[in-house]
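Here is a walk through one model, from the overall fold down to single residues. Have the viewer open while you read.

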Amino acid sequence: MSISLKRAPTAAEIEKVCKAAEEAARQALLNKVPPKRLEDLNIIVEASGFKPLNLRVDVSASLVAGDENMKNLVQEAAKAAFKSAEGKVMELGLCRKSKH
């Protein structure tokens, strides 16, 4: 399934999509790793263009101590961010679904 936008989003809608993506990434990571064990957490969601709207999500984190595989956890957080952004786009009525 792919999603194409019906119209270019407003700046406020882009902000909502980015915020939803950032929060989803944060929650996905914090659901797996307690905040006290995180030494550093950076989440950057960058939008460019309007139609199509391109999102870039960068998640980086490091642990104070532990043996979790951070690469996998960070990848899961990024996937959660994209899924949430897609959901927000749909919620805002910006898209039409098409199957490919």
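Contact here means heavy atoms within 4.5 Å. With that in hand, keep in mind that this is a predicted model.

**The overall layout**

The protein chain has two helices and four strands, and from the N terminus they come in the order β-α-β-β-α-β. Its C-alpha trace spans about 45 × 30 × 20 Å along the principal axes. Of the 100 residues, 32% count as buried. If you take the contacts between residues at least 6 apart in sequence, 68% of them join residues at least 24 apart.

**The β2–β3 hairpin**

Strand β2 covers residues 38-48 and strand β3 covers residues 54-63; the two pair in the antiparallel sense over 10 bridges. Together they make a hairpin with five residues between the strands. In that turn, G49 has a positive phi of about 75°. Two of the pairings are easy to find on screen: N42 has S60 as its bridge partner in β3, and I43 has V59.

I44 is also in strand β2. Is I44 buried or exposed? Neither quite fits: its relative accessibility is 45%, so I44 counts as partly exposed. Leaving out neighbours within four places in sequence, I44 is in contact with R56, V57 and D58.

**Helix α2**

Helix α2 runs over residues 70-91. How does the span of its 22 residues compare with what 1.5 Å a residue should give? The expected figure is 32 Å and the end C-alpha atoms are 31 Å apart, which agrees.

The buried residues of α2 are M70, L73, V74, A77, A78, A81, A85, K88 and V89. They cover an arc of only 155° around the axis, so they sit on the same side of α2. An α-helix has 3.6 residues a turn, so residues three or four places apart point the same way. On the face turned away from the buried side you will find the exposed residues K79 and K83.

At the N-terminal end, N69 acts as the cap of α2, with a side-chain oxygen 3.1 Å from the backbone nitrogen of K71. Just after the helix, G93 takes a positive phi of about 70°.

K88 is one to click on, as a lysine in the buried set of α2. Not counting residues up to four places away in sequence, K88 touches K16, V17 and A20. The side chain of K88 also makes a polar contact of 3.0 Å with the side chain of E91.

**The nonpolar core**

Which residues touch the most other members of the largest nonpolar core? They are V59 and M70, in a core of 27 residues. The elements that give two or more residues to this core are α1 (11-30), β2, β3 and α2. Of these, α2 gives the most, with eight residues. In soluble globular proteins, nonpolar side chains tend to be buried together.

Beyond its neighbours within four places in sequence, V59 is in contact with A25, N42, I43, V74, A77 and A78. Among these, V74, A77 and A78 belong to the buried residues of α2, while I43 is the bridge partner of V59.

**A buried glutamate in α1**

E13 lies in helix α1. With a relative accessible area of 12%, E13 is buried, because the cut-off is under 20%. A polar atom of its side chain lies 2.8 Å from the backbone nitrogen of T10. Leaving aside neighbours within four places in sequence, E13 is in contact with R7, L92 and L94.

**Distances worth checking**

For a quick check in your own scripts, here are two C-alpha to C-alpha separations that involve K88.

| Pair | Separation in sequence | C-alpha separation |
|---|---|---|
| I44 and K88 | 44 residues | 17 Å |
| K88 and R37 | 51 residues | 30 Å |

Methods: Residues are numbered from 1 along each chain as its sequence is written. This is a predicted model: local features need pLDDT of at least 70, side-chain atom pairs count only at pLDDT 80 or more; totals for chains, interfaces and linings use all residues. Side-chain values use heavy atoms; hydrogens and water are left out. Two strands pair if DSSP finds at least two bridges between them. The expected span of a helix is 1.5 Å times one less than its number of residues. Buried means under 20% relative accessible area, exposed over 50%, partly exposed in between (1.4 Å probe, protein chains only). The arc is that of the directions from the helix axis to the C-beta atoms. A polar contact is a pair of N or O atoms within 3.5 Å; within protein, one must be able to donate a hydrogen and the other to accept it, and residues adjacent in sequence count only if both atoms are side-chain atoms. A nonpolar core is a set of buried Ala, Val, Leu, Ile, Met, Phe, Trp, Tyr and Cys residues joined through side-chain atoms within 4.5 Å.
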